[in-house]
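Visitor: I would like to go through this model with you, one question at a time.

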Amino acid sequence: MRSSSQLQHQIRPEPLITVRKQPPDSIANKLQQWGCITRALQYEAIATVYAFGADVTLPRPMLTLRSSAAMPAQFAFDRGQLGGPGGLLAFVVSASTLARDALQTQVLAQAQQQLGLNLQAVQTIVEKRATFACTPGLQRPALQIAPGLLACGDYVAGPYPATLEGAVRSAVAAVAALTMHPQTV
Ligand SMILES: Cc1cc2nc3c(=O)[nH]c(=O)nc-3n(C[C@H](O)[C@H](O)[C@H](O)COP(=O)(O)OP(=O)(O)OC[C@H]3O[C@@H](n4cnc5c(N)ncnc54)[C@H](O)[C@@H]3O)c2cc1C
C-alpha cells in the first residue's frame, strides 16, 4: 500500500512552468519593454459592406474582385450560397481607410461596374483594429513576456502578417516552448 505522500506525489502533476527566481526589478523591466513594443503597434481596419438585391446570386459563393483606390472591395461573398439569406452579398475591404458612407457608395458602384448588379446597402461594419499594420522593419512583441509568461496571437513576432495561420503558428510555438523546454521558459 502506498503512503498518502506517495499518492499525493502520484496525482499531483509537476508544474508545467517553473518560474525561475529573478529579481522583481528585472521582471518588471521585461514586462515594461514587452508592453512598450506591443502598445506601439498600429492597426488597420477591415470593412464589410452588406448589400441586397432581390434574386441576386454570384457565379460562385466567393469571388476575388479587381480592386483599386476607386473600387476598394477585394472579395465578394454570396451569403445565400453560404447558408445565409438569399440575395445578400458581403463585400470585404481590407486596409480600409474611407469613411463608412463614402466606402458604401464606392462598393455599390463597384458591384454595378464589375458584376453588373444593382444593389441596396444593408449595413456596413468597420472593424477599426482588425489587424496590426504589417509595415517594413516592424518590431513585434516576442513570444516570451517575462520568465514563465508567454504570449500567443497573430501580433506576436513571427513570419506571417495578421492572419489565422499566424495566430495558430504562434499558439503552437507557445505550447511547444512550454512542453519541450519548460525549464528555460
Ligand atoms: C473582418 C476581419 C476579416 C479577416 N479576414 C481574414 C482572412 O480572410 N484570413 C485570415 O487569415 N485572417 C483574417 N483576419 C484576421 C484574423 O481574424 C486574425 O489574424 C486572427 O483571428 C487572430 O487570432 P488571435 O487568436 O491572435 O486573436 P483573436 O481572434 O482576436 O482572439 C482573441 C480573443 O481574445 C478575446 N479577448 C480579448 N481580450 C480579452 C480579455 N481581456 N479577456 C478575455 N478574452 C479576451 C477576444 O474576445 C477574442 O475572442 C480577419 C480579421 C477581421 C477582423
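Visitor: In which sense do strand β3 and strand β4 pair, and over how many bridges?
Guide: In this predicted model, β3 covers residues 75-78 and β4 covers residues 88-96. One of the facing pairs puts alanine 76 of β3 against phenylalanine 91, and another sets phenylalanine 77 opposite alanine 90 in β4. The two strands pair in the antiparallel sense, over 4 bridges.

Visitor: Which residue in β3 does methionine 62 stand opposite?
Guide: β2, which spans residues 62-64, pairs with β3 in the antiparallel sense over 3 bridges. The β3 residue in question also stands opposite alanine 90 in β4. The residue facing methionine 62 is phenylalanine 77.

Visitor: What is the order of the strands in the open sheet, and which strands stand at its edges?
Guide: The open sheet has 5 strands with antiparallel pairing, in the order β2-β3-β4-β1-β5. Two of these strands have a single partner strand each, so one side of each is left without a neighbour in the sheet. From one strand to the next the twist averages 20 degrees. The strands at the edges are β2 and β5.

Visitor: How many helices and strands are there in the protein?
Guide: Read from the N terminus on, the elements follow the pattern α-α-β-β-β-β-α-β-β-β-α. Counted by kind, the protein has 4 helices and 7 strands.

Visitor: What share of the contacts with a separation of 6 or more comes from residues 24 or more positions apart?
Guide: The protein has 185 residues, of which 14% count as buried. A contact here requires C-beta atoms, placed from the backbone, to lie within 7 Å. Among contacts in the protein with a separation of 6 or more, the share from residues 24 or more positions apart is 59%.

Visitor: Which elements each supply at least two residues of the shell around the ligand?
Guide: The residues around the ligand include Glu127, Ala130 and Thr131, as well as Leu164, Glu165 and Ala167. By character, the residues of the shell divide into 5 nonpolar, 3 polar and 3 charged. The elements that each supply at least two of the shell residues are β5 (120-132) and α4 (164-180).

Visitor: Why does the ligand shell lie between two domains, and which domains are they?
Guide: Ile46 and Asp154 are among the residues around the ligand. Domain 1 takes in 20-42 + 135-180 and domain 2 takes in 43-132, and both give residues to the shell, so it lies between domain 1 and domain 2.

Technical notes. Residues numbered from 1 in each chain as written. Predicted model: local features only at pLDDT ≥ 70, side-chain atom pairs only at ≥ 80, totals over all residues. Near = placed C-beta within 6 Å. Nonpolar A, V, L, I, M, F, W, Y, C, P; charged D, E, K, R; others polar. Domains from an automatic or database assignment. Buried ≥ 20, exposed ≤ 12 C-beta atoms within 10 Å, placed from the backbone. Contact = placed C-beta atoms within 7 Å. Pairing = 2+ DSSP bridges. Axes fitted to C-alpha atoms, helices over the stretch in contact; angles between N-to-C directions.
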